[in-house]
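Student: Hey, got a minute to go through a model with me? I'd like to look at some helices and then one side chain.
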Amino acid sequence: MDGAERLRSGPAAAVRDPRLFEEFYRRHVDAVMRFVARRVDDPHTAADLTAEIFLAVLHSAHTHRPHLGSETAWLFGIARNVVSSERRRVAREAERDLRFSGRRLLEADDIVRIEDRLDAESPGRRALAALARLPEGERAVMELIAVDQLTVTEAAAALGIRQVTARVRLHRARKALRKEADVEAAEAPAAAGTSFTEATTPDASMLYIARGEA
């Protein structure tokens with residue numbers, strides 16, 4: 001957490017004062033929107049989830065522990081729960097139309113702005129897709145550290161786990177990804193009609209994540 005953030009009012013104070021909450025929202029909305037944009041590709045869904053995350057802040061402000069990490073890291077923990085809940089909700093729906101019921105209408109400018117953000121975060125979505133085969137616990141740590149740029153300490157706080165657990169999961173995840181990337185890189189040039197560059201490009205994001213250092 002930087003010095004400037006320490007001087008600001010935290011979430012507990014923000015939920016008691018509309019002015020402070022607006023300040024809190026403006027301070028973090030871009031980071032939260034980027035987090036969401038790395039996980040969804042529809043502007044309406046992105047707008048709805050961002051709003052739900054800040055609504056969840058009203059009920060979770062008392063859980064913020066400044067000594068465990070930044071406000072952003074804490075918000076990412078909430079955001080992860082909101083996004084996961086939405087995915088489960090969509091999976092349960094029998095009809096796709098239900099997914100769009102009750103949504104607020106977005107202005108054309110809002111849609112364009114969010115679509116620009118979604119385009120900007122498309123590399124992040126590809127990187128997350130490269131992690132899809134990892135076990136849930138290891139994937140969660142890798143997402144927050146390698147894609148969302150949290151520290152190990154902050155990722156552990158966001159997930160509600162010990163730092164040593166986060167480090168073990170990170171080590172296992174990177175080991176698995178390195179092995180997978182090395183195997184695919186070795187096999188790809190042999191694919192008929194595919195150049196080495198074409199064969200290895202799709203997995204560049206996975207290789208980058210696998211060889212990163214926390």
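Tutor: Sure. Keep in mind that this is a predicted model. Let's begin with helix 3, residues 18-37: its 20 residues reach 26 Å from first C-alpha to last, close to the 28 Å expected at 1.5 Å a residue.

Student: Where is the kink in helix 3 centred?

Tutor: On His28, with a bend of about 45°. His28 is also one of the buried residues of that helix, a list including Phe24, Val29 and Val32.

Student: And what does Asp17 do at the start of helix 3?

Tutor: One of its side-chain oxygens comes to within 2.8 Å of the backbone nitrogen of Arg19.

Student: OK, helix 4. Which residue caps its N-terminal end?

Tutor: Asp42 does, with a side-chain oxygen 3.3 Å from the backbone nitrogen of His44. The helix itself covers residues 43-60, 18 in number, and reaches 25 Å end to end by C-alpha, close to an expected 26 Å.

Student: Which residues are buried in helix 4?

Tutor: Among them are Pro43, Asp48, Leu49, Ile53 and Phe54.

Student: Switching topic: where does Glu154 lie?

Tutor: In helix 9, which runs over residues 152-159.

Student: Why does Glu154 count as buried?

Tutor: Because its relative accessibility is 12%, and the cut-off for buried is under 20%.

Student: Which side chain does the Glu154 side chain make a polar contact with?

Tutor: That of Ser70, at 3.2 Å. Leaving out residues up to four places away in sequence, Glu154 touches Leu68, Gly69 and Ala73 as well as Ser70.

Key. Residues are numbered from 1 along each chain as its sequence is written. This is a predicted model: local features need pLDDT of at least 70, side-chain atom pairs count only at pLDDT 80 or more; totals for chains, interfaces and linings use all residues. Side-chain values use heavy atoms; hydrogens and water are left out. Helices (H or I, at least four residues) and strands (E, at least two) are DSSP runs, numbered from the N terminus. The expected span of a helix is 1.5 Å times one less than its number of residues. The bend at a residue is the angle between axes fitted to the seven residues ending there and the seven starting there. Buried means under 20% relative accessible area, exposed over 50%, partly exposed in between (1.4 Å probe, protein chains only). A polar contact is a pair of N or O atoms within 3.5 Å; within protein, one must be able to donate a hydrogen and the other to accept it, and residues adjacent in sequence count only if both atoms are side-chain atoms. Contact means heavy atoms within 4.5 Å.
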